[in-house]
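Got your viewer open? Load the model, set it to cartoon, and keep the selection box handy.

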Amino acid sequence: MKLNKTWVLVPLLIILVVSLSGCITDGLIKSGETFEANGITFQYPESWQVVNSVAEGSVAAVASKENSQISTVIQQVPSELGTDIQSACSNNNKNLVQSPNYINLQEVKTSVNGQPVILHRYIVNEADGSQKEHVATWIQMSDGKLYVVLFNTPLESYEQERSSYDLIVGTFALKGDSNGNGSSLQAQLMERINAFFSI
């Protein structure tokens, strides 16, 4: 009889864990404001707002209402940089390396649903003496286009603002994509991002 109780408790425990993890994931994905324009959609914190960006290829930009130095810009990568993620990211990095204010922290190449993703984290020493930390998430979407989700924050605010980046990049999608596979893509991307930051 003891064996039967164990067999009943184990599935119940598994169901409980799966249910709780679903609640946590749904909480992350369903919180905040929603941006839907220029063929893309994503969520961003309620304490942020949509802003204008003059960066080349910008399709969206959001920033903290309290500190405009904390922002995320989403850019469609110009074809001049390359038609695949590796060449586009490498060509972009050549420009970054030429700046004496650039400090590379880490770059990780991975894949999500068979699509290549590059996560690049670096610091830029600003002219005013401050430092900004940047995380560039390079991804090729189902439409074949390359995008960069670029998170920027003052160095001292990075750890407390990282959840904002997680929300934005974890919910980034094309407007026409079905949500059936979207949550799987988001979960895989978040897994890679969390592994990236634990290095």
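What follows is a walk through the model, one selection at a time.

**Start with the confidence colouring**

Keep in mind that this is a predicted model. Colour the chain by pLDDT before anything else: the average is 80, and 73% of the residues score at least 70. Now select residues 3-29, where the pLDDT is below 50. Beyond near neighbours in sequence, that stretch has six contacts in the model. You can hide residues 3-29 for the rest of the tour if they clutter your view.

**Next stop: strand S2**

Select residues 40-44, which make up strand S2. Is S2 mostly covered or mostly open? Mostly covered: five of its five residues are buried. Turn the strand around and look at each face. On one side you'll find Ile40, Phe42 and Tyr44, on the other Thr41 and Gln43, and every one of these is buried.

Now add the partners of S2. Strand S1, residues 33-37, pairs with S2 in the antiparallel sense over five bridges. Together S1 and S2 form a hairpin, with two residues between them. Click on Asn38 in that turn: its phi is positive, about 55°. Then bring in strand S10, residues 173-174, which also pairs with S2 in the antiparallel sense, here over two bridges. To see how S10 lines up, pick Ile40 and look for its bridge partner, Leu174.

**Zoom in on the rings**

Stay with the hairpin and show side chains for Phe35 and Phe42. Phe42 is the bridge partner of Phe35, and their rings are stacked as an aromatic pair, 4.9 Å centre to centre with 20° between the planes. Phe35 counts as buried because its relative accessible area is 9%. Phe42 is buried too, at 2% relative accessibility. Add Tyr44 to the selection, and you have one aromatic cluster made of Phe35, Phe42 and Tyr44.

How many aromatic pairs does the count come to? Six. For another of these pairs, jump to Phe151 and Tyr165, whose rings are tilted: 5.5 Å centre to centre, with 40° between the planes. Phe151 lies in strand S9 and Tyr165 in helix H3, so this pair ties together parts that are 14 residues apart in sequence. Phe151 is buried, with a relative accessible area of 0%, and Tyr165 is buried at 1%.

**Side trip: Ser71**

From Tyr165, hop across to Ser71 in strand S5, residues 71-76. In sequence Ser71 and Tyr165 are 94 residues apart, yet in space their C-alpha atoms are 8.8 Å apart. Ser71 is buried, at a relative accessible area of 11%. Leave out residues up to four places away in sequence, and Ser71 touches Trp48, Val62, Ala63, Leu150, Phe151 and Asn152. Phe151, from the tilted pair, turns up again in that list.

**Into the core**

Now for the inside. In soluble globular proteins, nonpolar side chains tend to be buried together. Here the largest nonpolar core has 24 residues. To find its best-connected members, select Ile40, Phe42, Ile74, Tyr147, Ile168 and Phe172, which have the most contacts inside it. Colour the elements that give two or more residues to this core: strands S2, S4 (58-64), S7 (115-125), S8 (131-140) and S9 (146-154), along with helix H3 (158-171). Which of them gives the largest share? That is H3, with four residues.

Click on Phe172 and show what surrounds this residue. Not counting residues up to four places away in sequence, Phe172 touches Ile40, Thr41, Phe42, Ile74, Ile139, Met141, Tyr147 and Val149. Apart from this core lies another one, of 15 residues; to spot it, select Val77, Leu81, Cys89 and Val148, which are among its members.

**Last stop: Gln140**

Finish in strand S8, where you'll find Gln140. Is Gln140 buried or exposed? Its relative accessibility is 19%, so Gln140 counts as buried, the cut-off being under 20%. Follow the side chain of Gln140 to the backbone oxygen of Gly144, which it reaches at 2.9 Å. Then show the contacts of Gln140, leaving aside neighbours within four places in sequence: Ile85, Gln115, Pro116, Lys145 and Leu146.

Note on methods:
Residues are numbered from 1 along each chain as its sequence is written. Side-chain values use heavy atoms; hydrogens and water are left out. A nonpolar core is a set of buried Ala, Val, Leu, Ile, Met, Phe, Trp, Tyr and Cys residues joined through side-chain atoms within 4.5 Å. Buried means under 20% relative accessible area, exposed over 50%, partly exposed in between (1.4 Å probe, protein chains only). Contact means heavy atoms within 4.5 Å. Two strands pair if DSSP finds at least two bridges between them. pLDDT is the predictor's confidence in each residue, from 0 to 100. A polar contact is a pair of N or O atoms within 3.5 Å; within protein, one must be able to donate a hydrogen and the other to accept it, and residues adjacent in sequence count only if both atoms are side-chain atoms. Rings of Phe, Tyr and Trp (its six-membered ring) pair if their centres lie within 6.5 Å; planes under 30 degrees apart count as stacked, over 60 as edge-to-face and the rest as tilted.
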